[in-house]
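Me: Got a minute to go through this one with me? I'd like to see what the fold looks like.

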Amino acid sequence: MRLLLHETREIIRFNGRNLLLFSIAYRLTAASAYVQLLGAGMRFSLGMAGYSYLTLENAGRVLMCPWTIPVVLLLAAVGLILLMVEAGGLTAAYCGAVYSLKMPVGRILLEGLRNTKEQLEKRNFRLFAVAGADFFLMNLFYLYRTLTHVKPVNFVMEEMSGNPFVQGGAFLFVCICVCGVIPSYFVFHGCMTEQKYYRDSKRDSVELLKGRELGIIVRVVLPQLLIVGAAVVCYMGLAVVMAVAAVLFVRRDLQFSFLIRAADWAEWIVMGLASGAASIFYFADLTVQYYRYGRNKVGKQRFFDTGSPFFSRRNGLAVLGTAGLITGLGMIDGAVNGTFLSSSVVVQTEITAHRGSSGSAPENTIASLKAAAEEMADWAEIDVQETKDGAVVVFHDDNLRRIAGINRKISDMTLEEVRQVDAGSWFDETYRGEGIPTLEEAMEYAKGRLNLNIEIKYSGTEGSLPQKVCRLVEAYEMEEQCIITCTNTGYLKRVKEENPDIRTGYIVPAAYGAYYRNDAVDVISIRSGFVSQRLVTLAHGEGKSVHAWTVNDKAELERMRVLAVDNVITDMPALAREILYREEGTESLLEYLRMLFK
C-alpha cells in the first residue's frame with residue numbers, strides 16, 4: 001500500500017499545478033453556470049405551479065405540477081454531464097501522466113468534453129449514474145454542510161434528524177450508492193481510455209476487484225476522511241483568525257455580525273477547495289490502481305495526439321478565457337443584481353433595516369442606508385412618495401413636522417424645495433445637512449450592496465406612483481434585488497400588471513381573513529405581534545414569505561427565529577443578526593478574545 005500511495009503522490013505531482021488550476025477554474029465556471037440554470041428552472045417550475053416562493057408547505061404541490069418533473073430531470077441530466085466532464089478530464093490527465101504526457105489546463109478540459117461526448121454517443125448512461133454516485137459519496141460531508149444553509153431543506157433535515165426511520169432510510173441510500181459504486185470502480189478507465197461500452201467495462205472492473213475489495217475501500221475512504229479533517233482544521237484556524245480581526249478592528253456591536261458573515265465565506269471556500277482536492281486524489285489513486293492491477297488486462301489505449309491543432313495553446317487559452325468570462329459574469333450578476341435562489345430558497349431568516357438603519361442614522365436617508373450596509377443587513381426598508389412635480393422621494397411621513405419642524409406636506413412641495421430640507425439634524429448634529437434622497441439616489445447606492453424593500457405610500461386611486469417605482473426598478477435592473485410593498489392591494493395589483501417579475505408585499509397591520517391567497521401578493525409583511533405558527537404555515541403553504549415588523553426586542557427576535565419567519569424588519573440589524581444567528585461556540589470565542597485583548 002505504501003508503494004501505491006507513493007505512486008499516487010507522484011502522479012499528482014507530475015501535473016499538479018495544471019490539475020489544480022483546472023479543478024478551480026472548472027468548478028467555479030460550472031457552479032456559476034449551474035446556479036443560474038437552477039434558478040431559471042426553479043423560477044419556471046414555481047411559476048407554472050402558481051407560486052413565487054418555495055416552502056416546506058407548498059413543496060408537495062410544486063412537485064405535483066406536470067412541469068416540475070421534466071425540469072428536475074433536465075437539471076439532473078445537466079448536473080451529471082458537468083460531473084462527467086470533470087471526471088473525463090481528470091481521467092485523461094492521469095492516463096497521460098502514465099505515459100509522461102503533461103497536459104495543459106485547456107487540454108484537460110477539452111479531453112473531458114470529448115470523453116463526455118463519446119459516452120453520450122455510446123449511450124453509456126449508467127456511467128453518468130456512477131459519476132453522480134461517486135460525487136455524492138466523495139462530497140457527503142460537504143453536501144451536508146451546504147444543505148444546512150438552504151431552506152426549506154434545512155428545516156426538513158432538522159425536523160427529520162431525530163426520526164429513526166429517516167436515519168435508517170438515509171443510511172440505506174448511502175449503502176445502495178456504495179454497493180453500486182464498488183463493482184463499477186474501474187469503469188471510467190475502461191469506457192474512456194479503452195473506449196469500451198459500459199457493460200464490458202464493468203465486467204473488467206469486477207474482475208480487477210476480486211480479492212481486493214476491502215483494501216480498495218480503505219484506500220478510498222481513509223484519504224477522504226483525512227481531507228475532511230484537514231478542511232475542518234483549516235476552517236477552525238480561519239475562524240480564530242477572523243475572530244481576532246473582529247475584536248481588534250471591528251466596532252464592538254458589529255463584531256458578531258462580521259464574524260458570522262466572514263465565517264460563512266470561509267466555509268464555502270474551504271469546502272470548495274477540499275471537494276476539489278478529494279476528486280483530484282480519488283482519480284489519481286484510481287488510475288494508479290487500474291494500471292497496476294490491470295497490467296496484463298488493460299487493452300488498447302487512446303492515443304493522445306500532442307500535435308493536433310485541436311489542442312493548441314491558443315484553443316486552450318480561448319477555452320479558459322470563455323470559462324473565466326462565464327464565471328465572472330455569473331458572479332457579478334449574482335453580487336450586483338442578486339439571484340433568484342438567494343431571494344427564494346437560500347439562507348435562514350433574513351434581516352431588514354427599518355427605514356435604513358434608523359437606530360444608527362436619520363431614517364430614510366443615504367446615511368441610514370450606509371449604516372444598514374455597515375451593519376450587514378440583508379435588506380433596507382424605505383418609504384417613497386411623490387412631490388408636487390411628480391418626483392419620487394424617500395420619506396415616511398406625509399408632513400415634515402416631525403423630522404424637520406416644518407408644517408408642510410411633501411405632496412405640496414417641488415423636488416427643489418424638498419432638497420432644501422435638513423432631514424438629519426433632528427437625529428444628531430453630526431448629520432446636519434443630510435437631505436431627503438430621491439428613490440433613484442437610494443437605488444444607485446443600494447445596487448450591489450443592499451436589497452430594497454420599497455414601501456409605496458398610498459395616494460389615491462389616480463396616483464401613478466406604482467408605475468413610476470416599477471420603471472425605476474427596471475431601469476436599474478434590480479428586479480431580483482427589490483420588493484415593492486404597500487398597505488393597498490390595488491397598488492400591488494398595478495405593480496404586477498406593470499411587471500409580473502417584481503415581487504410585491506402586502507403590509508398587514510392586523511391579521512384577519514385569507515389575505516395570503518391574493519395572487520398579487522408574494523410577501524406578507526405583518527406586525528410581529530400577530531405572527532403565529534399557523535400564520536407562517538398558511539402563508540408558506542400558499543408560497544408567500546412572511547416579514548415581521550418592527551422587531552427590536554431580544555425575546556421577540558428569538559420568537560421570530562423559532563417560528564421560522566423569512567425576514568425580520570428591525571431598527572437594530574446588528575442586534576438582530578446576533579440573536580438570530582447565535583452560536584454558543586462563536587460567542588464563547590469572541591468573549592474569550594475580548595478579554596484577552598483588553
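**Strands, helices and a few residues**

Reply: Sure, let's begin with strand β5: 5 of its 5 residues are buried, which leaves β5 mostly covered. Keep in mind that this is a predicted model.

Me: OK. Which residues of β5 point one way and which the other way?

Reply: Cys482, Ile484 and Cys486 are on one side of β5, while Ile483 and Thr485 point the other way, and all are buried.

Me: What does β5 pair with, and in which sense?

Reply: Strand β4, residues 451-456, runs parallel to β5 and is joined to it by 4 bridges. Strand β6 also pairs with β5, which spans residues 482-486, in the parallel sense and over 4 bridges.

Me: Got any bridge partners I can click on?

Reply: Try leucine 452, whose bridge partner in β5 is cysteine 482. Then go to isoleucine 484, whose bridge partner in β6 is threonine 504.

Me: And how many residues of β6 are buried?

Reply: For β6, residues 503-508, the count is 6 of the 6, so the strand is largely enclosed by the rest of the structure. Arg503, Gly505 and Ile507 point one way from β6, with Thr504, Tyr506 and Val508 pointing the other way. The buried set on β6 therefore includes Arg503, a residue type that counts as charged.

Me: Let me zoom out. How many helices and strands does the protein chain have?

Reply: There are 25 helices and 9 strands in the protein chain. The chain has 598 residues, and 49% of them count as buried.

Me: What about the exposed area, and which atoms supply it?

Reply: About 28500 Å² is exposed, with carbon and sulfur atoms supplying 62% of it.

Me: And how much of the contact count is down to residues 24 or more positions apart?

Reply: Taking contacts in the protein chain with a separation of 6 or more, 68% come from residues 24 or more positions apart. For a pair that is distant in sequence, look at tyrosine 291 and cysteine 95: they are 196 residues apart along the chain, and their C-alpha atoms are 9.1 Å apart in space.

Me: Where is tyrosine 291, and is it buried or exposed?

Reply: Tyrosine 291 is in helix α13, residues 255-293. Its relative accessible area is 16%, under the 20% cut-off, so it counts as buried.

Me: Switching to helix packing. How do α6 and α7 cross?

Reply: The axes of α6 (residues 125-138) and α7 (residues 140-147) come within 4 Å and cross at roughly 75°. The two helices are therefore roughly perpendicular to each other.

Me: Which residues make that contact?

Reply: From α6 there are Phe136, Leu137 and Met138, and from α7 Leu140, Tyr142 and Leu143. That contact has 6 nonpolar residues, no polar and no charged.

Me: Next, α22. Which residues of that helix are buried?

Reply: In α22, residues 533-541, the buried ones are Leu535, Val536, Ala539, His540 and Gly541. Their cover includes α3, β7, β8 and α23. Just after α22, glycine 543 has a positive phi of about 80°.

Me: Last one: where is serine 205, and what is it in contact with?

Reply: Serine 205 lies in helix α11, residues 198-209. At 1% relative accessibility, serine 205 counts as buried. Leaving aside neighbours within four places in sequence, serine 205 is in contact with Pro183, Ser184, Tyr185, Phe186 and Val187.

Definitions and conventions: Residues are numbered from 1 along each chain as its sequence is written. This is a predicted model: local features need pLDDT of at least 70, side-chain atom pairs count only at pLDDT 80 or more; totals for chains, interfaces and linings use all residues. Side-chain values use heavy atoms; hydrogens and water are left out. Axes are lines fitted to C-alpha atoms, for helices over the stretch in contact, and angles run from 0 to 180 degrees between N-to-C directions. Angles under 35 degrees count as roughly parallel, over 145 as roughly antiparallel, 65 to 115 as roughly perpendicular and the rest as oblique. Contact means heavy atoms within 4.5 Å. Buried means under 20% relative accessible area, exposed over 50%, partly exposed in between (1.4 Å probe, protein chains only). Accessible areas come from the Shrake-Rupley method with a 1.4 Å probe; for residues, only the protein chains shown count as cover. Two strands pair if DSSP finds at least two bridges between them.
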